[in-house]
Amino acid sequence: MFSRILQKPLIVAIKKSSAHTQYFNVWQKYNFSSQRIPPDLRDNQKKTVTSFPPLTEPIPNLPKAVYSTVKEDHQTTQITVLPNGLKVASENRFGQFCTIGVLIDSGPRYEVAYPSGISHFLEKLAFGSTNTFDSKDKLMLVLEEHGGICDCQASRDTFVYAASADRRGLDIVTQVLGDIVLRPQITEEEVRIARQTVQFELESLHTRPEQEPILMDMIHAAAYKQNTLGLPKICPEKNIEKIDRKILHTYLKYHYTPNRMVVAGVGVEHDDLVHAITKYFVDQKPIWEEQPDLILANNANTVDMSIAQYTGGYVLEECNVPIYAGPSGLPELSHVVIGLEGCSHQDPDFIAMCVLNMMMGGGGSFSAGGPGKGMYTRLYTNVLNRYHWLYSATAYNHAYADTGLFCIHASCTPSHVKDMVKVIVHEMVTMTSGISDTELARAKKQLQSMLLMNLEQRPVVFEDIGRQVLATGSRKRPEYFMHAIDKISKDDINRVARRLLKSSPCLAARGEVKAIPSRMEIQNGLHDAQGRLQGSRSRLSLFR
């Protein structure tokens, strides 16, 4: 009975659909060709077309358009320092959404009096239960009501909590940030889950072909003798069970203080942000003041204020990388990072060091060759395009408040690891010579374009504001850096390259690395005018 009732409308619908398709095909054939539409279809076409609004007239009953009224002179960063020392910085921008976050002078470099790995744990515990929101799910639901997303990232000297949401949700987003920074519950169950997550990450890191996270910890440990910036960002396996709720809250009490924080916002009114920050970051107390039993007894203020001291060093780990190559298709590789002391982000040579880093460039061998790929940096043209056994070569420039580290990371098959070290040393020495006008201009334009394109994104602008205000108390506009990059000359590049080569080298290696030359051989090679290691083969065999 029911099948018959349903059948009839279905048959009618199919017939109508078939007729409509047949009509459309005929109409399309004549409408998009030089032939004229037959008379029998012309009337039907007119009826169909007149059912749509004409393109020559505005659509009726549309709401009035709202256009941006923000002028260039309004694009300024406003900064307010609250009575307790907390800095609030913001820049208003036209748009429906805003990004708000907290940047804290915290991270692995301050963990000398604690078990290393606290920052790794805090990343996993971020946006968990708080005094106001008793579960992570409730906190996320509140953010989702305003289209919000959130993230937490830790670097060696800075911790960032941030959220992007509809700007009408400013108050609730600020409340969430205040709670997760100053009033996190960090329950025993959350710590247990964080332990499992960290343990899983440690296991997976050793099975990936990409080894950058491990090698960056190793090269910093070598450069700063396992102190300050040399402390590990990745939690050592032996510390996973040591880190508990009280240790975490004790660390937070002394490092998450107002004078070590900046709250930054993009796309918000400054006065509204200051009002919300006062309400949730100043008027409401942190959890460790309301519950003193969360803090370890007899624990004095243990904030490490040491200045990072570059020492140079040598860290080797003999192993198979990766243990399981899996579907990557890569062979087992040996990885080497050679570093030199760079400069801080407040050093007069900082911009020149950034241009030098861009000039060296680098990347993976999969995009190293072939016409039209636009790979013009030195590590592509002089290294990856020349030696088939090299799988990657990349330059890094790490800048901190009191020091810096300039390094080159390369990987190859184990049988060529000694030759790879020779190539890296040679490229480091030749940084001081042979710079063409075209090469310098290209590196400067690339750095400028990267800066401006990144600053088109609201979260990047937020982080730029927050990091500058945290480091210096003010913010320099992008125009300042554009002009500073333009002023860099070949003499500046030569000077900073010579400055790098004066420092003692540091080296980190992982994989089959028994054949790597000694630290003294590498240092002598860096002092050689042509970058040759002692006892190496003729320069013609490798570098021509």
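**Entry 1: strands β9, β10 and β11**

I opened with the pairing of strand β9 (residues 362-364) and β10, which run antiparallel and are joined by three bridges. A note to self before going on: this is a predicted model. For one bridge in that pair I looked up G362, and its partner in β10 is T394.

Next I followed β10 to its other neighbour. Strand β11 (residues 404-412) pairs with β10 over nine bridges, again in the antiparallel sense. I picked out A395 as a landmark here, since I wanted a residue to click on; I408 in β11 stands opposite A395. The link from β10 to β11 is a hairpin of four residues.

How many residues of strand β10 are buried? I found seven of the 10 in residues 390-399, so β10 is largely enclosed by the rest of the structure.

**Entry 2: the whole protein**

I stepped back for the overall tally. The protein has 19 helices and 12 strands. Of its 544 residues, 48% are buried. I also checked how far contacts reach along the chain: among those between residues at least 6 apart in sequence, 79% join residues at least 24 apart.

**Entry 3: strand β6**

After β10 I wanted another covered strand, and I went to β6 (residues 261-266). Six of its six residues are buried. In a regular strand the side chains alternate between the two faces of the sheet. I therefore read the two sides of β6 separately: M261, V263 and G265 are buried on one side, and V262, A264 and V266 are buried on the other.

Which strands pair with β6? I noted strand β2 (residues 87-91), in the parallel sense over five bridges, and strand β3 (residues 97-104), in the antiparallel sense over six bridges. For the β2 side I marked V88, which stands opposite V263. For the β3 side I marked T99, whose bridge partner in β6 is V266.

**Entry 4: the second largest pocket**

I turned to empty space. The second largest pocket has a volume of about 460 Å³. It is lined by 19 residues, and the closest to its centre are I214, D217, M218, P232 and E317. I sorted the lining by class and got 10 nonpolar, four polar and five charged residues.

Where does this pocket lie with respect to domain 1 and domain 2? Domain 1 (76-294) and domain 2 (313-527) both give residues to the lining, so the pocket lies between them. By element, α6 (188-205), α7 (212-223) and β7 (313-318) each supply at least two lining residues.

I then took a look at D217, which is found in helix α7. Is D217 buried or exposed? Its relative accessibility is 11%, so D217 counts as buried, the cut-off being under 20%. Leaving out residues up to four places away in sequence, D217 touches R156, P232, K233 and I234. P232 thus turns up twice in my notes, as it is also among the residues closest to the pocket centre.

**Entry 5: cavities**

I searched the whole structure for cavities of 30 Å³ or more and found three. The largest cavity holds about 120 Å³ of space. Its lining counts 15 residues, with L125, A126, I180, P184 and I186 closest to the centre. Helices α3 (118-125) and α5 (170-182) each supply at least two residues of that lining. By class, I noted 11 nonpolar, three polar and one charged.

**Entry 6: two positive phi values**

Most residues other than glycine have a negative phi. I stopped at two that do not follow this. F127 has a phi near 60° and lies in the loop between α3 and α4 (136-144). N61 has a phi near 65° and is found in the loop between α2 (39-49) and β1 (78-81).

Which of the two is buried and which exposed? F127 is buried, with a relative accessible area of 4%, whereas N61 is exposed at 80%.

**Entry 7: R498**

My last lookup was R498, in helix α17 (residues 490-501). R498 is partly exposed, with a relative accessible area of 44%. I also checked R498 against S433: they are 65 residues apart in sequence, and their C-alpha atoms are 9.9 Å apart in space.

Terms used: Residues are numbered from 1 along each chain as its sequence is written. This is a predicted model: local features need pLDDT of at least 70, side-chain atom pairs count only at pLDDT 80 or more; totals for chains, interfaces and linings use all residues. Side-chain values use heavy atoms; hydrogens and water are left out. On a 1 Å grid over the protein atoms alone, a cavity is a set of points where a 1.4 Å probe fits but cannot get out, and a pocket is an open set with protein on both sides within 12 Å along at least five of seven lines; lining residues have an atom within 4 Å of a point. Grid points are joined across faces, edges and corners, and a volume is the space filled by probe spheres set on the points. Ala, Val, Leu, Ile, Met, Phe, Trp, Tyr, Cys and Pro count as nonpolar, Asp, Glu, Lys and Arg as charged, and the others, Gly among them, as polar. Domain bounds come from an automatic or database domain assignment. Buried means under 20% relative accessible area, exposed over 50%, partly exposed in between (1.4 Å probe, protein chains only). Contact means heavy atoms within 4.5 Å. Two strands pair if DSSP finds at least two bridges between them.
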